[in-house]
Amino acid sequence: MMRIKQLFVSVGLLILGGGLGLWGSRYLMQTPQELTSETPTVVPANLKPFPFPAKSSPQTNSNFIAKVAQKVGPAVVRIDATREVSGQMGENFEHPFFRRFFGDESPIPREQIERGTGSGFILTPDGKLLTNAHVVDGTKEVKVTLNDGQVYKGKVLGTDSMTDVAVVKIEAENLPTVDIGNAEQLNPGEWAIAIGNPLGLDNTVTVGIISALGRSSSEVGVPDKRVRFIQTDAAINPGNSGGPLLNAQGQVVGINTAIRADAQGLGFAIPIETAQRVANQLLIDGKADHPYLGIHMITLNPELRKELNQEKQLPFKVTENEGVLVVRVVDGSPAQKGGFEQGDIILKVGGQPVSKAVEVQEQVELSTIGETLAVEVMRESKPVTLKVSPGSFPTK
């Protein structure tokens, strides 16, 4: 037993001695510089830590879109409208079983409540708002919710279905307002920022570019409107209607309005100049009047001319390949009183050359109701100047 213990002690001393010998040999092989414990570690240049930039504060890291949203967001509101509509009783009442009780008389339709949500923006500190006519159509009062959560009762001062513009007033003071820009100076490719409440998601900001200008109402799919639309690829969804379209400086250049169901990434806005002109009329008179001639017209081209001349029922022959052809004159209209005839080709309106039907409409819109408007037409290959006094567009 004693021998076993002595054996373990001898082995332990042998291991300890070997370890000390190895450490000692490494110590003697080091240079004096390596033995200096105070010397800092030298890192090769290609292995130095990456020099990350200093963290920026949120204020210095904001881009122009964020700055525009912070500036304009407080002046963008949510508009909730409630209107009563007559409900259809459904096809069930056509069933013979119900006929036994009601005979040929249908039950009185129930009134249904229809709710819609849109957007708007504050024009004046005392609470005048701009929005779309279709957002508030059919109601005189709406609920207006500000960006800070305050809720007001809004009074609809006027609507204009032909331009889809409406003015709403809330009783408040010292409200944040938007800055008005210039849509006439826009160019395709410029930044476009939309703020609104799409799908009920308040104060949503989307961004894109101005993708086209001067889109006619027929191109957009709303031929009953009198607007040359701004086209943008900034996302515009239901609920955005009535909200502002902004330039890179945060100025309002349009009112977001039309959405084509078959479009992918396309939205449309009413130029702010059109909206301002109509809004001023609504504020003063509670309605907007639009000059009216009373003609139906189409834009000519060589193919259309050939097709029309092959139509035997037309009482005239088309002699020109270009211009705006009058195909119908409304009975009792200002155009009939001014001497328009079927087959006239419109060349100038108010001294301005026109080549498309939409250009005629625009020049008439710029005229004054009741004042003489000169219209130059080609009739049987001869120029004729007509004097017509535009009337107010019929409400029905």
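Residues 20–25 have pLDDT under 50 throughout, and the model gives them 0 contacts beyond four places in sequence. The structure is a predicted model, with a mean pLDDT of 80 for the protein. Where pLDDT is low, the predicted coordinates should not be read in detail.

**Confidence**
- Of the protein's residues, 74% reach a pLDDT of 70 or more.
- Residues 89–93 also stay under 50 in pLDDT.
- For residues 89–93 the model has 9 contacts beyond four places in sequence, whereas residues 20–25 have 0.

**R226**
- R226 lies in a loop that runs between α5 (217–220) and β10 (229–232).
- The relative accessible area of R226 is 13%, which is under the 20% limit, so the residue counts as buried.
- A polar contact links R226 to P291: the R226 side chain comes to 2.7 Å from the backbone oxygen of P291.
- Beyond its neighbours within four places in sequence, R226 is in contact with M162 and T163, with H290, P291 and Y292, and with Q361, E365 and F393.
- P291 therefore appears both in the contact list of R226 and as the residue whose backbone oxygen the R226 side chain reaches.

**W191 and the nonpolar surface patch**
- W191 is located in strand β8, which covers residues 191–196.
- With a relative accessibility of 44%, W191 falls between the 20% and 50% limits and is therefore partly exposed.
- W191 belongs to a nonpolar patch on the surface, together with F64, V207 and I209.
- The accessible area of these four residues together is about 320 Å².

Conventions
Residues numbered from 1 in each chain as written. Heavy atoms only, no water. Helix = DSSP H or I, 4+ residues; strand = E, 2+ residues; numbered from the N terminus. Buried < 20%, exposed > 50% of the residue type's maximum accessible area, 1.4 Å probe, protein only. Polar contact = N/O pair within 3.5 Å; in protein donor to acceptor, adjacent residues only side chain to side chain. Contact = heavy atoms within 4.5 Å. Patch = residues over 30% accessible without salt bridge, like charges linked within 9 Å, V, L, I, M, F, W, Y side chains within 5 Å. Areas by Shrake-Rupley, 256 points an atom, 1.4 Å probe, with all protein chains shown as cover. Salt bridge = Lys/Arg side-chain N within 4 Å of Asp/Glu carboxyl O. pLDDT = per-residue confidence, 0-100.
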